Amino acid sequence: MPHDHGDDAPPHSLLPPDPALRVKALETLLTRKGLIDPAALDEIIEIYAHKVGPRNGAAVVARAWTDPDFRKRLLEDATEAVAEMGFTGRQGEHVVAVENTPEQHNMVVCTLCSCYPWPLLGIPPGWYKSDAYRARAVREPRRVLAEFGVTLPEGQRVRVWDSTAEVRYLVLPMRPVGTDGLDANALAALVSRDAMIGTALVEAPA
Amino acid sequence: MTRVHDMGGRFGDGPVQRAAGDAPVFAEEWHARALAVTLAAGALGQWTLDRSRFARESLAPADYMAFSYYEKWLAGLADLLVAQDVVSRAELAGAEPAPSPLAARRLRAEVVAGTLARGGPVLRDGPAPRFAPGDRVRTRRPARNLAVTGGHTRLPGYAAGLTGVVERAHGCHVFPDTNAHGLGEQAEPLYTVVFDAAEVWGAAEAPGDTVSCDLWESYLEPET
């Protein structure tokens, strides 16, 4: 052993301490063993950095707001409905859409890890994966919402969805009043990533 | 009974810290690399998603809390690679790498997009559901893996021993408690179960607030 770790030390402790060097060491080792194609890594990064992200989810929301048949299909079987739009795959194999109403606001968390609907929203933001969000969103969602600048109207219940299985949740926000003249593209531009997690509302353009 | 990752309801974490404005998807270049290496290594087919979650949550609490998100992924990956005999401890520590018999399974760049778009559905044929929407159920307590001491489970600690209502049945899904430990998929009915926040936490922020979890049938007992 080139390092002075005992055999009981976890394998990860054998890697360099700096995380950037740690990932480089793993990538180099796996590449030299023939197990990784660095071009495949570039392709994965390209997809999640530039192609798969919250614009997908926003297109789904805008379509649901403008196409009543689609909205119905989305609420009945979101997996099928979003597949129609080409949004399928890893971390989105089983999708459920949950609709905000004047009676209920929906908010999504994964307390056990970081489950998130990748094909619709991309890679989760840092705060979604943070201990503070994971710990608190289930117990005090309204305090968390207040930190995001969201105060719900009196009488609106909060429903927190803890993603404990492979079902991935998309919040269908309420369409803001005063947007009747907007088409689906213009509506999609109003829908933020956070609104589809349930930590933001959608506002009409000023 | 719990592990460090099971943090739902925990006190003391402070405000949720958010990046300002339009933060990039990957805050650091190595974050992107860590994600990609993890996905590409997973594509070798030597472990399941459930097994990889168990590797991360099995990190020592001191490491889990000290590591940033992608450091947890890297540590879990390194531990899995050794546990599944894909790499040796010596190789991880810097010894000359030996060629791997798994090289033929290497994820090639040209199939990445298709592989990601296919994903890994976990819906399976399985037993008929014991519960139906509207049924009252009680969750098992404590939240633990019945087959493996200290093993993987997806019943959060805060949701153990609670009465809730089945809202939706999702068909049979691969059972993480066995699948994480090489004990087979053993697909079971999966349900969304809703709990009154006042019952979960002793007091709710507002009356009528609820929390739901997606729970496998063997986590549940009928509540009469």
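**Entry 1: a proline in a loop of chain B**

I began with P142(B), which sits in the loop between strand 2 (136-139) and strand 3 (163-173) of chain B. Helices (H or I, at least four residues) and strands (E, at least two) are DSSP runs, numbered from the N terminus. The peptide bond that joins R141(B) to P142(B) is cis, with omega of about 0 degrees.

Before going on, I noted that this is a predicted model, where local features need pLDDT of at least 70 and side-chain atom pairs count only at pLDDT 80 or more, while totals for chains, interfaces and linings use all residues. Residues are numbered from 1 along each chain as its sequence is written, chains are lettered from A and ligands numbered from 1 in the order in which they are written, and side-chain values use heavy atoms, with hydrogens and water left out.

**Entry 2: chain A on its own**

I found 10 helices and four strands in chain A. Read from the N terminus, their order is α-α-α-α-α-β-β-α-α-α-β-β-α-α. The C-alpha trace of chain A spans about 65 × 35 × 30 Å along its principal axes.

I also looked up Q91(A), in the loop between helix 5 (78-84) and strand 1 of chain A. Q91(A) is not a glycine, yet its phi is positive, at about 60 degrees.

**Entry 3: what the UniProt record says**

UniProt positions are given in the numbering used here, feature names are shortened, and annotations may be inferred rather than shown by experiment. For chain A, the unreviewed UniProt entry lists "domain: Nitrile hydratase alpha/Thiocyanate hydrolase gamma" at residues 19-200. I see that this span is 46% helix and 13% strand, and its end C-alpha atoms lie 33 Å apart.

For chain B, the unreviewed UniProt entry places "domain: Nitrile hydratase beta subunit" at residues 128-222. Here the span is 9% helix and 36% strand, with end C-alpha atoms 15 Å apart.

**Entry 4: where the chains touch**

How many residues does each chain bring to the contact? I read 85 residues from chain A and 96 residues from chain B, with contact meaning heavy atoms within 4.5 Å. The area buried between the two chains is about 7,900 Å², and carbon and sulfur atoms give 61% of it. Buried area is the accessible area (1.4 Å probe) that two parts lose on being put together, summed over both. In chain A, K33(A), L112(A) and R139(A) lose the most area to chain B, together 9% of what that side buries.

**Entry 5: polar links and salt bridges**

I noted 45 residue pairs in polar contact across the interface, both residues at pLDDT 80 or more. A polar contact is a pair of N or O atoms within 3.5 Å; within protein, one must be able to donate a hydrogen and the other to accept it, and residues adjacent in sequence count only if both atoms are side-chain atoms. On the side of chain A that touches chain B, helix 2 of chain A gives the largest share, 11 residues.

The interface also holds nine salt bridges, each a side-chain nitrogen of Lys or Arg within 4 Å of a carboxyl oxygen of Asp or Glu. One salt bridge joins the side chains of R32(A) and E96(B), at 2.6 Å from N to O. Another salt bridge pairs E27(A) with R33(B) at 2.8 Å. This pair runs from helix 1 of chain A to helix 1 (residues 29-42) of chain B.

**Entry 6: strands across the interface**

Which strand of chain B pairs with strand 3 of chain A? I found strand 5 (residues 210-216) of chain B, paired in the parallel sense over four bridges; two strands pair if DSSP finds at least two bridges between them. In that strand, S212(B) is the bridge partner of W161(A).
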